[in-house]
Amino acid sequence: MCNSVKLFRTLLLLISCSWSAGGFAANAPGYYTYGKAASAAEIAGWDIDIRPDGQGLPEGSGSVEDGEGIYERKCAECHGSFGEGVGQFPILAGGNDTLTHQRPVKTVGSYWGHTSTLFDYIRRTMPFSQPASLEDNEVYALTAYVLYLNDIVADDFVLDRENFATVQLPNRNNFVPDPRPDVDNKRCMKNCRNPAEITISSSVSAPPPAALSLPTAEAALPADHPGAQIYEQYCMLCHKTGVAGAPMLGDKKQWDERLAQGLAVVQKHAIEGYTGKRGVMPAKGGFADLADDAVRQAVKYMSGTEQ
Ligand code: HEC
Ligand code: HEC
């Protein structure tokens, strides 16, 4: 016999199944009916961490000698030819035996614990304006070169996957496991406590911190200015919050002082790059492919000049 309620349910089920099968199922293994399982290639793209013993390193190698050339082209403008740091950009070498000083100089040589951190840092984030743009061999060579700048390897050294773990940083033994008992909890895999029974027994009673408001004057700038989009894509990185001494968007006083040299000069500085009192403005912000006119527009926008 046909039970109409049952039939109705079955129909509903069919409809919802075929809907998800037709509309989303190919992409929807999970519960939420959207998204898709990450492919092996996608996972590989993110899975780039390296352990101090070198596990996870890509194929490749690089010499101090090769590193020197790449470093001069891609790094020295900010970090200085000897890793001494230009303006407010970080110092990469030296500072030995300063960790106990009142003003320690923390560098790869004086402070860092593992070569793998250096490799990973360069590979993931540098050069600052074009992160993750370096080839694996370039990263090996640059890592070797920064080690050389810190007198950790000789000038004929070639870094590769095999000898990686043998390069040890001087400060490695001063990193110790956190001894506080509350960070040493055993992981529970079965018969664990009911999370509902666990209560927080103490808490910080300080008032919540006020929302951080950065002193930008974006509101005052017209969003439809042709330079706005270029600014957001290429210049905001440094000019929104004043990274490394960059004049901030909409900081009228700063920009008026700069505009006193004439708009054309300020634009020329942005196109060709220059070193000022506060830091280094890389040519076109580091985006060599950007058209000169686009940079000019962005400068007008940033400095609050009419289009
Ligand atoms: C446009 C300027 C710029 C360029 C070019 C640049 N860097 Fe950097 N670098 C920075 C800034 C800024 C930081 C600090 C970033 C932070 O703390 O979030 C940094 C940090 C680093 C650090 C970590 C320093 C520390 O002690 O924390 C290393 C290592 C480094 N850069 C290596 C390189 C290498 C190698 C290149 C060339 C491929 C390069 N950088 C190019 C600006 C630059
Ligand atoms: C990596 C950081 C960084 C990026 C990206 C960047 N700038 Fe700069 N810019 C600076 C710094 C630092 C200064 C200040 C230098 C000084 O005067 O000491 C500066 C200064 C300037 C100046 C002032 C020139 C003068 O004569 O006073 C202009 C204009 C400018 N930038 C335009 C741009 C434009 C346009 C872009 C995007 C296409 C851009 N910047 C991207 C760091 C950056």
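This passage describes the predicted model of a chain and its two ligands, moving from the overall architecture to the ligand shells and then to individual helices and loops.

The secondary structure of the chain comprises 10 helices and four strands, and from the N terminus onward these elements follow the order α-α-β-α-α-α-α-β-α-α-α-β-β-α. Of the 307 residues in the chain, 23% are buried. When contacts between residues at least 6 apart in sequence are considered, 60% of them join residues at least 24 apart.

Ligand 1 is surrounded by 22 residues, and the closest of these are Cys 75, Cys 78, Met 126, Pro 127 and Phe 128. At least three residues of this shell come from domain 1 (61–174), and at least three come from domain 2 (220–302). Among the helices, α4 (76–79), α5 (115–125) and α6 (136–149) each contribute at least two residues to the shell around ligand 1. In terms of residue character, the shell of ligand 1 consists of 16 nonpolar, four polar and two charged residues.

The peptide bond between Met 126 and Pro 127, two of the residues closest to ligand 1, is cis, with an omega of about -5 degrees. Most peptide bonds, by contrast, are trans. Pro 127 itself belongs to the loop that runs between α5 and α6.

Around ligand 2 there are 31 residues, of which Cys 235, Cys 238, Gly 276, Met 281 and Gly 285 come nearest. The elements α7 (226–239), α9 (263–272), β4 (280–281) and α10 (292–302) each supply at least two residues of this shell, and the largest share, five residues, is drawn from α7. The shell around ligand 2 divides into 18 nonpolar, nine polar and four charged residues.

Helix α6, which contributes to the shell around ligand 1, has 14 residues and spans 20 Å from its first C-alpha to its last, close to the 20 Å expected at 1.5 Å a residue. Because 12 of its 14 residues are buried, α6 is largely enclosed by the rest of the structure. The buried residues of α6 include Glu 138, Tyr 140, Thr 143 and Tyr 148, together with several others such as Val 139 and Leu 149. Their cover includes β1 (61–63), α3 (64–74), α5 and β2.

Helix α5, one of the elements that cover α6, has its own set of buried residues, namely Thr 115, Ser 116, Leu 118, Phe 119, Ile 122 and Arg 123. These residues lie on the same side of α5, because they cover an arc of only 160 degrees around the axis. The buried residues of α5 pack against α6.

Beyond the end of α6, the chain enters the loop between α6 and β2 (158–160), where Ala 154 is located. Ala 154 is classed as exposed because just 9 other C-beta atoms lie within 10 Å, and an exposed residue is one with 12 or fewer such neighbours. Although Ala 154 and Ala 144 are 10 residues apart in sequence, their C-alpha atoms are 9.3 Å apart in space; Ala 144, in contrast to Ala 154, is one of the buried residues of α6.

The loop between α4 and α5 contains both Asp 97 and Trp 112, and these two residues differ in their surroundings. Asp 97 counts as exposed because it has 10 C-beta neighbours inside 10 Å, whereas Trp 112 is buried, with 21 other C-beta atoms within 10 Å. Apart from its neighbours within four places in sequence, Trp 112 is in contact with Thr 117, Leu 118, Leu 169 and Asn 171, and among these Leu 118 is also one of the buried residues of α5. Trp 112 and Pro 170 are 58 residues apart in sequence, yet their C-alpha atoms are separated by 8.1 Å in space.

Several residues also show an uncommon backbone angle. Most residues other than glycine have a negative phi. Asp 97, however, has a positive phi of about 60 degrees although it is not a glycine, and Asp 151, just after α6, likewise takes a positive phi of about 60 degrees. Lys 284, which is not a glycine either, has a positive phi of about 50 degrees and lies in the loop between β4 and α10. With 21 C-beta neighbours inside 10 Å, Lys 284 counts as buried, whereas Asp 97 counts as exposed.

Terms used. Residues are numbered from 1 along each chain as its sequence is written. Chains are lettered from A and ligands numbered from 1 in the order in which they are written. This is a predicted model: local features need pLDDT of at least 70, side-chain atom pairs count only at pLDDT 80 or more; totals for chains, interfaces and linings use all residues. A residue is near a molecule or strand if its C-beta atom, placed from the backbone, lies within 6 Å of it. Ala, Val, Leu, Ile, Met, Phe, Trp, Tyr, Cys and Pro count as nonpolar, Asp, Glu, Lys and Arg as charged, and the others, Gly among them, as polar. Domain bounds come from an automatic or database domain assignment. A residue is buried if 20 or more other C-beta atoms lie within 10 Å of its own, exposed if 12 or fewer, and partly exposed in between; C-beta atoms are placed from the backbone. The expected span of a helix is 1.5 Å times one less than its number of residues. Two residues are in contact if their C-beta atoms, placed from the backbone, lie within 7 Å. The arc is that of the directions from the helix axis to the C-beta atoms.
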